[in-house]
Amino acid sequence: MTDVRRLPEDFLLKMQKLLGEEYGQYLKSFKEEWKPGLRVNTWKIDPRDLAKLVPWDLEPVPWTDNGFYYDGSLEGEALRPSKHPAYYAGLYYLQEPSAMTPAAMLPVVPGDRVLDLCAAPGGKSTELASKLKGRGMLVSNDISYSRARALLKNLELAGAANICVTSEAPEKLACVWPEYFDKILVDAPCSGEGMFRRDEDMVKDWKEKGPEYYVPVQRQILSQAAAMLKPGGYMMYSTCTFSVEEDEGNVSYILEEFPQMELCCLGLDKVPGACGGFGLSGCMRLFPHRLRGEGHFLALMRKKGGDDGEARTEHGGVRGTADKGIFRSTDKGILPPIDPGTVRKRARAVEKEKELDVFLGQSGVEWDYGRIVIHQDNVYYLPEGLAWNLPLRFLRTGLLLGELKKGRFEPSQALAMSMKAGQFPNTVSFPAGDSRVLRYLKGETISLEVDEGPVRGWCLAAMEGFPLGWAKGTGMSLKNKYYPGWRWQ
């Protein structure tokens with residue numbers, strides 16, 4: 001916990017002016033331990049079922065159905081939430097409770113095209129993916145390539161398949177996807193004042209880069225996001241700072257610069273202890289002395305209008321009249337229509353790879369072969385709505401199915417995690433308490449019991465039915481194919 005005496009004097013004076021009579025309560029909150037939380041991945045498991053698998057008492061977070069506080073004081077490495085097999089199965093994500101609010105309150109529905117513009121490390125993106133339930137498309141972006149790599153891992157661990165992960169400046173994305181997304185989340189980089197209680201390093205960063213540094217950055221990001229939001233779409237702006245300039249000030253700026261944007265009122269009753277904005281009604285603020293969470297700010301905006309008579313195509317452009325065809329907008333101008341022959345060509349390419357074709361046919365999934373792309377021996381399954389040759393820096397385009405090696409097909413860890421419990425026919429599932437679960441996660445060869453084997457060929461290793469990764473059955477043992485970079489350490 002941060003010692004309040006280490007807080008900058010100018011910050012304390014600002015908070016005293018902002019909070020008035022509540023200022024003393026805010027200072028007292030620095031003597032209280034912050035409460036850790038986890039958010040259940042409802043795309044994979046019901047919260048009630050997760051509670052039966054983990055050793056901690058889960059106390060509901062009031063503002064989200066799948067968020068819980070847990071007791072982080074249990075001793076023993078195996079009892080740490082980041083070490084439990086359920087974490088490796090992608091059944092939950094460790095997330096500070098207040099940080100759960102933006103994705104929870106953005107009204108995403110299955111089939112939406114969603115953009116998480118400042119997405120790393122993935123806490124909010126994984127929840128958005130869960131809300132999409134495998135339909136539509138989620139674009140998760142972070143301008144930092146190294147942070148985007150961590151983002152990709154967390155999305156794949158969560159079993160998200162209808163994704164693309166990019167590392168681009170927002171203006172580059174806006175050139176490719178103008179007025180394209182149904183929902184956009186901008187959890188902007190900020191001065192981090194709301195995290196001072198939990199993380200003393202944020203205080204050090206604030207002294208180097210305060211609100212005056214972040215405001216122009218945030219306005220640039222928000223302006224590009226507004227350009228990518230389609231008429232009728234919703235944009236959630238959130239920060240973890242108390243700065244009025246970074247919060248209400250930026251919202252007011254967007255409303256003035258983009259008259260087609262309007263502020264939607266966030267019901268304070270949805271988050272017990274929340275309060276409204278300062279000088280701008282309709283926003284939401286979370287303070288650590290008012291609720292069991294850290295500081296956060298939220299504002300939900302909508303772009304006025306709706307269907308302007310031109311339906312958005314699945315490739316990000318506009319479907320015009322019959323003589324215009326289907327076009328895709330990019331920063332290089334209008335590209336030619338995607339020829340239906342390309343779809344047939346992709347399907348034939350898959351069918352020529354016999355081992356791949358057989359594996360997909362036996363996987364328990366109905367694949368659209370026209371969305372499968374083979375590129376440099378890697379096999380990808382594109383989300384509905386993603387063109388292959390967009391001029392962006394991608395870390396992932398859809399679901400990585402696996403790799404072709406001289407005609408042989410090796411399925412990927414991402415494909416394993418995308419499988420639902422019981423979906424893959426050739427699955428070996430171990431009880432949660434079986435020592436072989438951790439041994440598998442460590443990369444060891446696994447011996448089977450008489451009633452479990454023999455098993456041959458590619459199989460899915462699972463815990464209580466929930467996939468962990470691949471193995472190769474050789475009779476009464478499983479040759480471990482768990483991804484080395486994810487192994488239990």
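This report describes the overall build, the nonpolar cores and some local backbone features of a predicted model.

## Overall build

The protein chain contains 15 helices and 25 strands. Its radius of gyration is 24 Å, close to the 23 Å that the globule rule gives for 489 residues, so the chain is as compact as a globular protein of that length. Along the principal axes, the C-alpha atoms fill a box of roughly 70 × 65 × 35 Å.

Among contacts in the protein chain with a separation of 6 or more, 68% are between residues 24 or more positions apart. Of the 489 residues, 54% count as buried.

## Surface and charge

The accessible surface of the protein chain is about 21,200 Å², and carbon and sulfur atoms account for 49% of that area. The chain carries 63 positive and 65 negative side chains. The centres of these two sets lie 5 Å apart.

## Nonpolar cores

In soluble globular proteins, nonpolar side chains tend to be buried together. The largest nonpolar core in this model has 39 residues. Leu117, Trp177, Ile184, Val186 and Met235 are the members that touch the most others. At least two residues of this core come from each of these elements: strand S6 (137-141), helix H8 (170-176), strand S8 (181-187), helix H10 (211-228), strand S9 (229-239), helix H11 (248-257) and strand S13 (296-303). H10 gives the most, with five residues.

Which residues does Val186 touch, leaving out those up to four places away in sequence? They are Leu117, Ile221, Leu222, Ala225, Met235, Met236, Tyr237 and Ser238. Apart from this core lies another, of 36 residues, which includes Val40, Phe430, Ile446 and Tyr482.

## Helix H6 and the residues beside it

Helix H6 spans residues 123-132 and is mostly covered, with ten of its ten residues buried. The buried set includes the charged residues Lys124, Glu127 and Lys131. It also includes Gly123, Ser125, Thr126, Leu128, Ala129, Ser130 and Leu132.

Ahead of the helix, Pro121 sits in the loop between strand S5 (113-116) and H6. The peptide bond joining Ala120 and Pro121 is cis, with omega about 5 degrees.

After the helix comes Lys133, in the loop between H6 and S6. Lys133 is not a glycine, yet its phi is positive, at about 55 degrees. Is Lys133 buried or partly exposed? Its relative accessibility is 41%, so Lys133 counts as partly exposed.

## His296 in strand S13

His296 lies in strand S13, one of the elements that supply at least two residues to the largest core. The relative accessible area of His296 is 4%, so this residue is buried; the cut-off for buried is under 20%.

Not counting residues up to four places away in sequence, His296 touches Ser98, Ala99, Thr101, Pro102, Lys124, Asp187, Ser238, Thr239, Cys240, Met284, Arg285 and Leu286. Among these contacts, Lys124 is one of the buried residues of H6, and Ser238 is also touched by Val186.

## The loop between S22 and S23

A second cis peptide bond joins Gly453 and Pro454, with omega about 0 degrees. Pro454 is in the loop between strand S22 (446-447) and strand S23 (455-463), and Gly453 lies in that loop too.

Gly453 has a relative accessibility of 23%, so it counts as partly exposed. Leaving aside neighbours within four places in sequence, Gly453 is in contact with Leu448 and Met476. Gly453 and Lys406 are 47 residues apart in sequence, and their C-alpha atoms are 29 Å apart in space.

## Asp377 between S16 and S17

Asp377 is another residue with a positive phi that is not a glycine; its phi is about 75 degrees. Where does Asp377 lie? Its place is the loop between strand S16 (372-375) and strand S17 (378-381). With a relative accessible area of 43%, Asp377 is partly exposed.

Notes. Residues numbered from 1 in each chain as written. Predicted model: local features only at pLDDT ≥ 70, side-chain atom pairs only at ≥ 80, totals over all residues. Heavy atoms only, no water. Helix = DSSP H or I, 4+ residues; strand = E, 2+ residues; numbered from the N terminus. Rg over C-alpha atoms; globule rule 2.2 N^0.38 Å. Buried < 20%, exposed > 50% of the residue type's maximum accessible area, 1.4 Å probe, protein only. Contact = heavy atoms within 4.5 Å. Areas by Shrake-Rupley, 256 points an atom, 1.4 Å probe, with all protein chains shown as cover. Charge placed at Lys NZ, Arg CZ, Asp CG, Glu CD. Core = buried A, V, L, I, M, F, W, Y, C linked by side-chain atoms within 4.5 Å.
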